[in-house]
Amino acid sequence: MSWDEAEFRRRLLSLVQYGEIVEQVKGGRYMVQVDDDDHDDKPSVVGPFAKMSLTGEGETYNSPIALKSQVALLCPNGDLSMAFILGVIPKDSVLKEKAFDAPELIYSDGTSFKYEKASKTLTVKLSSEGKLNILVSGGSVLIESPKLELRGDTTITGSLTVSDAATLQSTLTVTKDI
């Protein structure tokens with residue numbers, strides 16, 4: 001193997017490195033312990049988590065990075081100081097410690113789904129012109145909650161049945177006979 005071939009092989013093999021998160025530092029950067037023979041035993045500071053497109057259309061999945069998580073790094077020229085975290089491989093112990101409390105799926109128009117395990121909250125954010133359609137074929141939808149709040153103009157097409165009292169805090173306008 002010539003020198004050029006050997007150097008190319010070395011650079012190619014050092015392009016992707018694997019390590020473990022040992023500390024989070026400022027600016028979305030992390031201290032990562034890389035486990036190989038080419039690096040000393042000291043952790044290296046690496047760049048932020050690269051948002052990866054799921055479909056090539058701009059959708060991204062943001063998964064929180066936790067201590068003890070294993071990560072895959074993209075290291076240009078094998079240089080850890082220029083590395084980005086490509087992916088997270090959580091250990092079972094990390095998952096049990098609630099490290100992944102709020103994964104988020106973000107679409108290119110800004111619409112997102114986020115679940116926060118600690119508060120048991122699912123948040124759906126729609127873009128400014130987004131619509132939410134729930135289509136049920138041959139069934140029904142049950143929303144059971146101690147309190148349901150609707151904000152904004154509400155249109156009901158079909159009948160409305162109220163089994164308990166109804167309270168109005170503003171004007172009731174009727175366009176047909178009651």
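How far does the backbone nitrogen of Ser127 lie from a polar atom of the side chain of Thr111? The distance comes to 3.2 Å, and that pair of residues is picked up again below. The model is predicted, so local features need pLDDT of at least 70 and side-chain atom pairs count only at pLDDT 80 or more, while totals for chains, interfaces and linings use all residues. Residues are numbered from 1 along each chain as its sequence is written, and side-chain values use heavy atoms, with hydrogens and water left out.

First, the overall layout. The chain has two helices and nine strands; here helices (H or I, at least four residues) and strands (E, at least two) are DSSP runs, numbered from the N terminus. Reading from the N terminus, the order of elements is α-β-β-β-β-β-β-α-β-β-β. The chain holds 178 residues, and 21% of them count as buried. Buried stands for under 20% relative accessible area, exposed for over 50%, and partly exposed for what falls in between (1.4 Å probe, protein chains only). As for contacts (heavy atoms within 4.5 Å), take those in the chain with a separation of 6 or more: residues 24 or more positions apart account for 42% of them.

Back to the opening pair. Thr111 sits in the loop between strand E7 (104-106) and strand E8 (112-116), and Ser127 is placed in the segment after E9. Thr111 counts as buried because its relative accessibility is 11%, and Ser127 counts as buried because its value is 17%. Leaving aside residues up to four places away in sequence, Thr111 touches Leu105, Ile106, Lys125, Leu126 and Ser127. With the same neighbours left out, Ser127 touches Asp109 and Thr111.

Strand E9 itself contains Leu122. Leu122 has 57% relative accessibility, so this residue counts as exposed. Not counting residues up to four places away in sequence, Leu122 touches Lys114 and Tyr115. Between Leu122 and Glu104, which are 18 residues apart along the chain, the C-alpha atoms are separated by 9.9 Å.

Next come the charged side chains. Side chains of opposite charge can pair when their charged atoms come close. A salt bridge is a side-chain nitrogen of Lys or Arg within 4 Å of a carboxyl oxygen of Asp or Glu, and a search of the whole structure finds two. Glu149, in the segment after strand E9 (121-125), is a good place to start. One salt bridge links the side chains of Glu149 and Lys147 (4.0 Å, N to O). Another is formed by Arg151 with Glu149, where the closest N and O atoms are 2.6 Å apart. The side chains of Glu149 and Arg151 are also joined by a polar contact of 2.6 Å. A polar contact is a pair of N or O atoms within 3.5 Å; within protein, one must be able to donate a hydrogen and the other to accept it, and residues adjacent in sequence count only if both atoms are side-chain atoms.

How open are these residues? Glu149 is partly exposed, because its relative accessible area is 45%. Lys147 counts as exposed because its relative accessibility is 63%, and Arg151 counts as exposed because its value is 74%. Through salt bridges that share partners, Lys147, Glu149 and Arg151 are joined into one network.

Lastly, the pockets. On a 1 Å grid over the protein atoms alone, a pocket is an open set of points where a 1.4 Å probe fits, with protein on both sides within 12 Å along at least five of seven lines, and lining residues have an atom within 4 Å of a point. Grid points are joined across faces, edges and corners, and a volume is the space filled by probe spheres set on the points. The largest pocket has a volume of about 550 Å³, and its lining includes Thr154, Ile156, Gly158, Leu160 and Gln169. That lining has five nonpolar, six polar and no charged residues. In this sorting, Ala, Val, Leu, Ile, Met, Phe, Trp, Tyr, Cys and Pro count as nonpolar, Asp, Glu, Lys and Arg as charged, and the others, Gly among them, as polar. The second largest pocket comes to about 470 Å³, and its lining divides into eight nonpolar, no polar and one charged. Among the residues lining this second largest pocket are Leu132, Val136, Ile143, Leu150 and Arg151.
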